[in-house]
Amino acid sequence: METNLDEALQSITKQADLICHGNYDNTDEIYQFSNPEKYPESLVNFVEAFGFMAVKLEAREMHLEKTIEELKVKNVQLEDSITRHNHLNFVFMNTVVLLSFFSFVLALLKTQSDTVSKIATTFVVSRVIEFAILASSILLIVRSKLPLSNFGLTLKNWPRAVKESIYATIIAILCCTLFKVFLVRFNLSENTYIVRFSNIEWSFAFYFIVAPLQEFLGRGVVQGTLQRIVPGKYGWLMAIVLTSLVFGTLHLYISTSFALASLVGSFLWGWLYLRHETIVGVSISHFFIGIWMGVLGFFI
Amino acid sequence: MNVKIEKAEEYAFVGVEGRVDTTNANELENSMLQVISDGYTKIILDCSGLDYISSSGLRVFLIVQKKITAAKGQFRLCGLQPGIVEIFDISGFTSIFSIFPNKEAAMKP
């Protein structure tokens with residue numbers, strides 16, 4: 001009997017030591033001493049009490065591990081939420097700065113009587129603003145640590161995106177041309193021609209750069225960020241609408257009708273971007289529609 | 001102790017009846033581990049016939065829970081008698097196991 005007790009105590013002491021070190025793997029060893037057919041009742045009760053304590057400790061550790069895992073998930077969600085919040089701050093601040101700056105420029109332009117000077121100033125100011133926003137967008141992308149694909153800078157699905165944008169562009173160009181025919185036919189247009197290719201001057205050469213740049217800023221950075229942060233089932237729609245409103249407003253300096261056309265165009269590019277999330281297709285569409293707007297005389 | 005195993009397409013149902021103590025905890029452990037080895041990671045353990053469980057039996061539950069958690073599966077208990085629920089409450093098992101009143105409730109996703 002004494003041998004059994006000594007053996008049981010040695011085993012329990014060993015297991016207690018292991019449990020203290022977080023090792024529960026061999027706890028089963030002690031249960032051999034809780035067999036009432038082989039061992040005295042006092043030993044069986046003692047082993048059972050010890051075993052219950054060990055199980056409770058193990059359960060508590062498991063519960064803690066589970067809680068830690070849940071906290072880790074929550075932490076990732078929290079970090080994601082902070083990133084989204086920072087992106088929203090960035091987009092909001094940039095939009096306010098952009099709109100304010102443009103409004104001041106418009107007010108300034110009102111004081112200039114020379115039309116050529118107005119166009120040149122507007123052109124230069126627009127490019128300066130675009131590159132300023134580009135610089136801050138690059139900063140946002142670097143700081144966000146998100147992949148470039150999150151901002152539309154990806155070639156993923158580009159053949160399909162290009163194909164769809166070409167179809168959409170053809171339809172848009174046809175609609176714009178028909179609209180111009182309507183305006184000319186009913187003397188609602190400031191000019192009397194339907195198309196004039198000589199309208200395409202040197203400044204349109206910049207469109208090779210400006211169209212993708214505007215798409216990157218508008219669709220990739222602003223719409224892409226809003227898509228990620230605007231909650232709800234129709235968050236994507238709100239992202240397109242908000243981006244298009246800003247996009248249209250930024251074209252008010254040319255004319256109200258041009259701003260409206262930009263708004264409609266932005267809805268189209270917003271929808272195309274939503275489908276493939278690459279700026280490849282929308283940039284091509286923006287380029288051709290923009291050039292065609294010039295040919296139709298809407299820029300002038 | 002009596003262990004009954006039913007294997008369905010998605011879940012394996014294990015029914016345990018009687019007393020689980022030092023003398024038969026290994027048998028329950030082996031049965032449960034065999035079910036996991038057979039590829040089942042969703043197990044429902046029906047405890048409606050379980051009258052008593054010792055610490056060695058409780059440890060079997062912990063072992064199975066660990067194995068299934070590692071396999072990203074589900075280990076659900078159902079039909080616990082009030083006496084067993086009390087033991088579960090004291091041991092802290094209620095916070096780490098998914099416990100359902102009956103088999104039907106345990107089968108719901």
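## Nonpolar cores

In this predicted model, the largest nonpolar core comprises 49 residues, and those with the most contacts inside it are A:Val47, B:Val14, B:Val16, B:Ile43 and B:Cys47. Two or more residues are contributed to this core by α2 (41–110) of chain A and, from chain B, by β2 (12–20), α1 (25–37), β3 (42–53), α2, β4 (74–78) and α3 (82–91). The largest share, eight residues, is that of α2(A). Apart from this core lies another, of 30 residues, which includes A:Leu213, A:Leu226, A:Ala239 and A:Phe298.

Leaving aside residues up to four places away in sequence, B:Val16 touches B:Met1, B:Val3, B:Leu28, B:Leu45, B:Cys47, B:Gly49 and B:Leu50.

## Contact between the chains

Where chain B meets chain A, 14 residues of chain B are in contact with 16 residues of chain A. On the chain B side, helix α2 (residues 55–70) gives the most, with five residues, and the residues of that side divide into five nonpolar, eight polar and one charged.

## Packing of α4 and α8 in chain A

The axes of helix α4 (residues 158–185) and helix α8 (residues 279–295) of chain A come within 8 Å and cross at roughly 20°. Because angles under 35 degrees count as roughly parallel, α4(A) and α8(A) are therefore roughly parallel to each other, and α4(A) passes α8(A) in a right-handed crossing.

Among the residues making this contact are A:Trp158, A:Ala161, A:Val162 and A:Glu164 of α4(A), together with A:Phe288, A:Ile289, A:Trp292 and A:Met293 of α8(A). The residues of the contact divide into 14 nonpolar, four polar and one charged.

Notes
Residues numbered from 1 in each chain as written. Chains lettered and ligands numbered in written order. Predicted model: local features only at pLDDT ≥ 70, side-chain atom pairs only at ≥ 80, totals over all residues. Contact = placed C-beta atoms within 7 Å. Helix = DSSP H or I, 4+ residues; strand = E, 2+ residues; numbered from the N terminus. Nonpolar A, V, L, I, M, F, W, Y, C, P; charged D, E, K, R; others polar. Core = buried A, V, L, I, M, F, W, Y, C linked by C-beta atoms within 7 Å. Buried ≥ 20, exposed ≤ 12 C-beta atoms within 10 Å, placed from the backbone. Axes fitted to C-alpha atoms, helices over the stretch in contact; angles between N-to-C directions. Parallel < 35°, antiparallel > 145°, perpendicular 65-115°, else oblique. Left-handed = near helix turned anticlockwise from the far one by under 90°.
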